[in-house]
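User: I would like a close look at one part of this predicted model, with the backbone geometry and the metal site treated carefully.

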Amino acid sequence: MSRARVILLNSAIGPLDYRVPHGLQVEPGTIVVAPLGPRQLIGAVWEPERLQTEEVGDNRLRPLIHAYDLPPLSAPLRRLIEWTADYYLAPLASVLRMALPSSGALEGARSITEYRAIGRVPERLTPQRAQALERIGDRQGLVSELAIIGGVSDGVIRGLVKAGAIEAVEVTIDDPFPEPDPAHGPPSLEPAQAEAAQELRDAVDAGEFAPYLLDGVTGSGKTEVYFEAIAETIRREEQALVLLPEIALTEPFLKRFAARFGCDPVPWHSGLRQSQRRRAWRAIASGEARVVVGARSALFLPYPKLGLIVVDEAHEASFKQEDGVQYHARDVAVMRAKLEEVPVVLASATPAIETRHMAEIGTYRTLKLPDRYGGARLPDMAALDMLKDPPPRGRWLAPALVEALEDNLAAGEQSLLFLNRRGYAPLTLCRRCGFRFQCPNCTAWMVEHRFTHRLACHHCGHVMPAPAACPECREEDSLVACGPGVERIADEVHALFPEARTSVVTSDTIWSPAKAAEFVARMEAGEIDIVIGTQLVTKGYHFPNLTLVGVVDADLGLAGGDLRAAERSFQQIRQVSGRAGRGERPGRVLVQTHDPSARVIQALVGGDAEGFYAAETDARREAAMPPFGRLAAIIVSSEDQSEANETARLIGRAAPRHDNMAVFGPAPAPLAMLRGRHRQRLLVHANRAVPIQEIIRDWLGRLQWPRGVRVTVDVDPYSFL
Ligand code: ADP
Ligand code: ZN
């Protein structure tokens, strides 16, 4: 190759051609460094026939600067990058970026200098230094990483290094990972499990594209079953990828994995340190990392010998990425499996309607695990009518739920209260003048966080100290909290049961795998009686002594009223119910609602998942909503409201006419302002057969708007805000 077409990591420019200087070996997939103006950028060589670019004569080409000594990105991965860019209307460069690591890992530097505290108190102990040392504890990382953990500037960390309280440590990034052993701790499977495991093992051996829905109630042993497929993949010396919806679930997963395979898998998520990230990327790219468990971003890594993909809790909405490239990891996982010609397993106790539909029409094969492992029964569920049997004024737990908590405490068993709302109260207002605290950047109320004495916006992160007086009328002590968050429920529990040991579990308290591990250990040691948590505790965990689940507000999820509201409520309450009674003692679930006759509540209490899904699916079919029709949202935003409105109108006026396609809007988005940007929304609704990506690309490609306006397209949207 004397000429190479390259996708550079710069989403503002398309592919460019370069001259390949003498002595440089490149082929499609090679990772290179190329000049762009005065800068040097990383990029990947691509097949010229697959990318269009302006024709430039040989004599005008600039030479490539460097080619990394790494395996080239494989053809299936290159096709996946193209497909993702195409389907989600994203720049190729943005998708490529997800496959590549920081330049440090590419260089293959053998070691990296990290720092750690050595437990010595420096002579001059400023409050900042004390805070940093306390928060850092025994953790290790780059100066910048320790600064973030310590909540101080880089300068403070460097000062501590000088003062001899923090020392440098050399970390090699090419240390091999231990090899998981498929024969380490094989389970003895129950018949239904064994049958499913055998089918998956066969699929791994066949080495063909085969999508599976592993559909089993909570506690049925789905993990045990797909572990057997992983074991087979390891035996074949191929790589397996397991996607989890939250980093918080990584820790319990690692433990179970180690029990089955004798060592940890290779984790991949945003919580990794630079050195861990580099080491993991290199081991993945070389094929040495056998089993990778990660968040959705692990999907685009360059596995040279991929043999199996598992998406656990596949129904989870958090697999949808909401910024940058707005892809759905479950759907891209299936596409990757197809391109790599390997099986993919979507595991769920409450599969998404989209997934069930694919199974129903025979595109996916279904493996069913109908019963809980070891004869454990599914918990009994009952609805508590909040109108008939309401809590006392200013309280949120109905008498029947309080009684059940009391019984459980007396019996020495653990309970879980679920409310999907962080903080103390979702709204703070002034009793005297009616003033409400709103975020200055968003169409949203400021949420009170009483533990930290602050008000916070859950959309942009804006925080302010909780004031003592109303900023409007200056009245002291006039501010009242409206509605409950988990912190307020925790207060109520303390008031009711002062002796109970509680734990609040939200992303505010469990913000790292280590914190999750700490929580799990305390639960297992019986140091917690009552957990109060958000959706973070609804899945993954297995606590045999947890026998009571109280759903504080089952109506909450239905309020938004979007396409998937009922489905999501059903899944979430089912999942959290699944935490109860997983051991020998049976579980009980009490669901607080203002509308016990609602279809979701009836289906939950009556255990009629099939009926619920059938009705929801019919409703979708009738309205031609996904999976029977297609949606794409176009969001227009700008700091300047009139610019946003005008651009949205311009886009609306230019909407192409197509049979079987309709364009709604523009209208202000429900979150009309977000992070200081005004937002307008258009919704495209089309028949399945309509190529909406092509149409939208064409449509928007012909238009121009002011520089400050951002137009993003969300294909298959999950958020309707
Ligand atoms: P799911 O993922 O379907 O909720 P899990 O795989 O977490 O279910 O299984 C629930 C519990 O039952 C776990 O503690 C698991 O270790 C145990 N379990 C399931 N199947 C077996 C088996 N065949 N042998 C031993 N333990 C099992
Ligand atoms: Zn905000």
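Which domains does the domain assignment of the protein give? Please then look closely at the C-terminal stretch where the unusual backbone geometry of Pro627, Asn660, Pro666 and Arg675 is found, and add what can be said of the zinc ion (ligand 2).

Analyst: The model is a predicted one, and its domain assignment gives domain 1 (3-100), domain 2 (111-172), domain 3 (191-373), domain 4 (376-421 + 484-617) and domain 5 (629-715). Between domain 1 and domain 2, the centres taken over C-alpha atoms are separated by 39 Å.

As background to the backbone, most residues other than glycine have a negative phi, and most peptide bonds are trans. Going along the chain, Pro626 is joined to Pro627 by a cis peptide bond whose omega is about 5°, and Pro627 belongs to the loop that runs between helix 18 (609-622) and strand 27 (629-638). Another cis peptide bond leads from Gly665 to Pro666, where omega is near 10°; Pro666, for its part, is located in strand 28, which covers residues 661-674.

Two residues with positive phi accompany these bonds. Asn660 is not a glycine, yet its phi is positive at about 60°, and its position is in the loop between helix 19 (641-653) and strand 28. Because its relative accessibility is 52%, and the cut-off for exposed is over 50%, Asn660 counts as exposed. Arg675, also a residue other than glycine, has a positive phi near 50° and is placed in the loop between strand 28 and strand 29 (677-687). With a relative accessibility of 53%, Arg675 is therefore classed as exposed by that cut-off.

Turning to the metal site, the protein donors of the zinc ion (ligand 2) are the SG atoms of Cys439, Cys442, Cys457 and Cys460, which lie 2.3 to 2.4 Å from the ion. Along the sequence, these donor residues follow the spacing C-x2-C-x14-C-x2-C. The angles subtended by the four donor atoms around the zinc ion (ligand 2) are 104 to 115°, and the arrangement is tetrahedral because four donors count as such if all angles lie between 85 and 135 degrees. As for the surroundings of the donor residues, Cys439 has a relative accessibility of 5% and so counts as buried, and Cys442, with a relative accessible area of 2%, is buried as well; the cut-off behind both statements is under 20%.

How values were computed: Residues are numbered from 1 along each chain as its sequence is written. Chains are lettered from A and ligands numbered from 1 in the order in which they are written. This is a predicted model: local features need pLDDT of at least 70, side-chain atom pairs count only at pLDDT 80 or more; totals for chains, interfaces and linings use all residues. Side-chain values use heavy atoms; hydrogens and water are left out. Helices (H or I, at least four residues) and strands (E, at least two) are DSSP runs, numbered from the N terminus. Buried means under 20% relative accessible area, exposed over 50%, partly exposed in between (1.4 Å probe, protein chains only). Donors are N, O and S atoms within 2.8 Å of the metal (3.2 Å for Na, K and Ca); water is not among the atoms, so sites may look incomplete. Four donors count as tetrahedral if all angles lie between 85 and 135 degrees; four count as square planar and six as octahedral if opposite donors are over 155 degrees apart and all others between 65 and 115; anything else is irregular. Domain bounds come from an automatic or database domain assignment.
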